[in-house]
Amino acid sequence: MFVGKKGLSDIVTNILIILLVLVAVGILWFFIRPVLEKGAGGVSGIEQCLVVDVKARGCANNDGLNPENLTVMVERGVGEGDLKKINFILIKANGDSVVLPVASTLAVYGSQTFTFVEGVGSPPTTYPLPPGITSVDEIAKVNVAAVVGEQERECKALNLPVTCT
């Protein structure tokens, strides 16, 4: 029935494989190209989140002088991003957390101590505790995250929280 008939030659098979690969690359390029062309502009501010480095260096509650105070030492590392605010992530002993945004002009390689008080604060020297926390004794750990750019993009906390003593 198939006497004298031959299958596809190796050359034809290789050409078909190459064509299939080119079609697959073309389909992928169709979906990937718009993402690459937008770059970081497609996710506004994300590039600044990658360069602004803020970290909590220390946390003390009930410092002896003012038992209703919580002081947090924040340090900024390398990175020329446009820091607008610092989100303080106040973590309770049970693991619940509350975020408190605070305006900041912390310079590159600078450090600043932020004081949170029970009751009414007077920024930029002291800040009131956020709703959900009534006493500095409730706060077990603190972490910080940058808020950057004109659209005030909230970055993720890049470091481990510090324990309050």
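In which strand does Ala146 lie? In this predicted model, Ala146 belongs to strand S7, and with a relative accessibility of 4% the residue counts as buried, because the limit for that class is under 20%. Not counting residues up to four places away in sequence, Ala146 touches Val52, Val54, Leu83, Lys85, Arg153, Glu154 and Cys155. A separation of 65 residues in sequence lies between Ala146 and Gly81, yet their C-alpha atoms are 9.8 Å apart in space.

Strand S7, which spans residues 139-148, pairs with strand S3 in the antiparallel sense, and nine bridges connect the two. Within this pairing, Ile139 of S7 stands opposite Lys92. Strand S3 itself covers residues 83-92 and is mostly covered, with eight of its ten residues buried. Strand S3 is also joined to strand S4 (residues 97-103) by seven bridges, and these two strands likewise run antiparallel; here Ile89 has Val99 in S4 as its bridge partner. The hairpin made by S3 and S4 has four residues between the strands, and in this hairpin Gly95 adopts a positive phi near 100 degrees.

A further set of strands was examined in terms of sheet order. Strands S1, S2, S5 and S6 form an open sheet of four strands in the order S1-S2-S5-S6, with mixed pairing. Strand S1 (54-61) and strand S6 (126-128) each have a single partner strand and stand at the edges, so that one side of each is left without a neighbour in the sheet. On average, and with direction ignored, neighbouring strands of this sheet are turned by 30 degrees against each other. In general, the strands of a sheet pair through backbone hydrogen bonds, in either a parallel or an antiparallel arrangement. Both senses can be followed here along strand S5: strand S2 (residues 69-76) and strand S5 (residues 111-117) run antiparallel and are joined by seven bridges, whereas S5 and S6 pair in the parallel sense over three bridges. In the pairing of S2 with S5, Phe116 of S5 is the bridge partner of Leu70, and Ser111 in S5 stands opposite Glu75. On the parallel side, Val117 stands opposite Pro128 in S6.

Thr126, which lies in strand S6, counts as buried because its relative accessibility is 19%, and the limit is under 20%. When neighbours within four places in sequence are left aside, Thr126 is in contact with Thr115, Val117 and Gly121. The C-alpha atoms of Thr126 and Thr71 are 9.2 Å apart in space, although the two residues are 55 residues apart in sequence.

Aromatic contacts were considered next. The count of aromatic pairs comes to five. In one of these, the ring centres of Phe88 and Phe114 are 5.0 Å apart and the planes stand at 65 degrees; the pair is therefore edge-to-face, a class that requires an angle over 60 degrees. This pair links distant parts of the chain, since Phe88 is in strand S3 and Phe114 in strand S5, 26 residues apart, and both residues are buried. Phe114 also forms a tilted aromatic pair with Tyr127, with 6.2 Å from centre to centre and 40 degrees between the planes. Because Phe114 lies in strand S5 and Tyr127 in strand S6, this second pair ties together parts that are 13 residues apart in sequence, and here too both partners are buried. Through ring pairs, Phe88, Phe114, Phe116 and Tyr127 are linked into a cluster.

In soluble globular proteins, nonpolar side chains tend to be buried together. The largest nonpolar core in this model holds 30 residues, of which Leu70, Val72, Phe88, Phe116 and Val142 touch the most other members. Two or more residues are given to this core by each of S1, S2, S3, S4, S5 and S7, and S7 gives the most, with five residues. For Phe88, the contacts beyond four places in sequence are Val72, Val74, Val98, Val99, Leu100, Val102, Phe114, Phe116, Val142, Asn143 and Val144. Phe88 thus appears both in the ring cluster and among the core residues that touch the most other members.

How values were computed. Residues numbered from 1 in each chain as written. Predicted model: local features only at pLDDT ≥ 70, side-chain atom pairs only at ≥ 80, totals over all residues. Heavy atoms only, no water. Buried < 20%, exposed > 50% of the residue type's maximum accessible area, 1.4 Å probe, protein only. Pairing = 2+ DSSP bridges. Axes fitted to C-alpha atoms, helices over the stretch in contact; angles between N-to-C directions. Contact = heavy atoms within 4.5 Å. Phe/Tyr/Trp six-rings, centres within 6.5 Å; stacked < 30°, edge-to-face > 60°. Core = buried A, V, L, I, M, F, W, Y, C linked by side-chain atoms within 4.5 Å.
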